[in-house]
Amino acid sequence: MPLPTSVTLHKSAGRLADGDEVMTLAVPEIDNKKRFEKMIFRVMPSGKPVLVLRIAPDDGTGKAGAFGPEHIKQNEYWRNYVDWANFDAKDLVRKLVESNIFASGAELTGQYQPNSPFPSFPTSQATDYVINAEGTITKDPKPASGNDMKEGQDKQNNLLDNIAKNLANGGKTTATGGTGTTTTTQKIVRFVLIGLGVGALIWAGTKLLGKKKK
């Protein structure tokens, strides 16, 4: 489907990265001039996405001049375009607004207030959001990478080790060459803790299967 004439760029379907340009609009102004509005996808530390706006004037030939500084815009700002009569890009903007993922004005506080610049540079890292061919954005958690899985396993191992050490030695560790060593008692406690976790999962699975059979 061809893009409306007011859309000079539209992000292709796929996973969004922090800092991606979602869309650029050529917005009509008086005297047959335009202003160009670039929507940039950013994600706050809370995980809530926002669209950051950068505006460029018409350079006199119908093309965008230099884009100015960025401004965080609340979801309500973009909703104004949805109700704008005779704006051929309003349906595409509606899909963004009705995705219901972007922060509202009430959710933008502190460094992230509306009209403030985003306080950090884009990371270009893949996010938990994807855009489809129609322009709707949905949350779709990205698959865990090998590093994520290793980090999670390391945290679990450290937690089990600390619990075992505290139970076995009253919070004291046996140091060898400056590093802690796991005693036999600690290993036993660790295996017991793991066994209890596995047992809990088996019990839960048995209960679930029992309910399905009824």
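# Exercises on a predicted protein model

The protein contains four helices and 10 strands. Helices (H or I, at least four residues) and strands (E, at least two) are DSSP runs, numbered from the N terminus. The model is predicted: local features need pLDDT of at least 70, side-chain atom pairs count only at pLDDT 80 or more, and totals for chains, interfaces and linings use all residues. Residues are numbered from 1 along each chain as its sequence is written, and side-chain values use heavy atoms, with hydrogens and water left out.

## Exercise 1: The sheet

Task: Determine in which order the five strands form an open sheet.

Solution.

Step 1. Two strands pair if DSSP finds at least two bridges between them. Strands of a sheet pair through backbone hydrogen bonds, either parallel or antiparallel.

Step 2. The order is β1-β3-β4-β5-β6, with antiparallel pairing. At the edges stand β1 (7–10) and β6 (71–73), each of which pairs on one side only. From one strand to the next, the twist averages 25°; angles run from 0 to 180 degrees between N-to-C directions, and axes are lines fitted to C-alpha atoms, for helices over the stretch in contact.

Step 3. Take the pairs in turn. Seven bridges join the antiparallel strands β3 and β4, and V27 stands opposite R35 in β4. Nine bridges link β4 with β5, where A56 of β5 is the bridge partner of F36. Strand β5 (residues 49–57) and β6 pair over three bridges; here L53 has H71 in β6 as its bridge partner.

Step 4. Inspect the turns. The hairpin of β3 and β4 has five residues between the strands, and D31 in its turn has a positive phi of about 60°. The hairpin of β4 and β5 also has five residues between its strands; G47 in that turn has a positive phi of about 95°.

## Exercise 2: Burial of a strand

Task: State how many of the 10 residues of β4 are buried.

Solution.

Step 1. Buried means under 20% relative accessible area, exposed over 50%, and partly exposed in between (1.4 Å probe, protein chains only).

Step 2. In β4, seven of the 10 residues are buried, so this strand is largely enclosed by the rest of the structure. For the protein, 29% of the 214 residues count as buried.

## Exercise 3: Two helices

Task: Describe how α1 and α2 are placed on the sheet and how their axes cross.

Solution.

Step 1. Helix α1 (residues 75–82) lies across β3 (21–28), β4 (34–43), β5 and β6, at about 140° to β4. Helix α2 (residues 90–97) packs on the sheet and touches β1, β3, β4 and β5; its direction makes about 140° with that of β3. Contact means heavy atoms within 4.5 Å.

Step 2. The axes of α1 and α2 come within 8 Å and cross at roughly 150°. That makes α1 roughly antiparallel to α2 (angles under 35 degrees count as roughly parallel, over 145 as roughly antiparallel, 65 to 115 as roughly perpendicular and the rest as oblique).

Step 3. On the α1 side, N75, W78, R79, Y81 and V82 meet K90, V93, R94 and V97 of α2.

## Exercise 4: An unusual phi

Task: State where N100 is placed and whether N100 is buried or exposed.

Solution.

Step 1. N100 is not a glycine, yet has a positive phi of about 55°.

Step 2. N100 belongs to the loop between α2 and β7 (126–131).

Step 3. With a relative accessible area of 59%, N100 is exposed.
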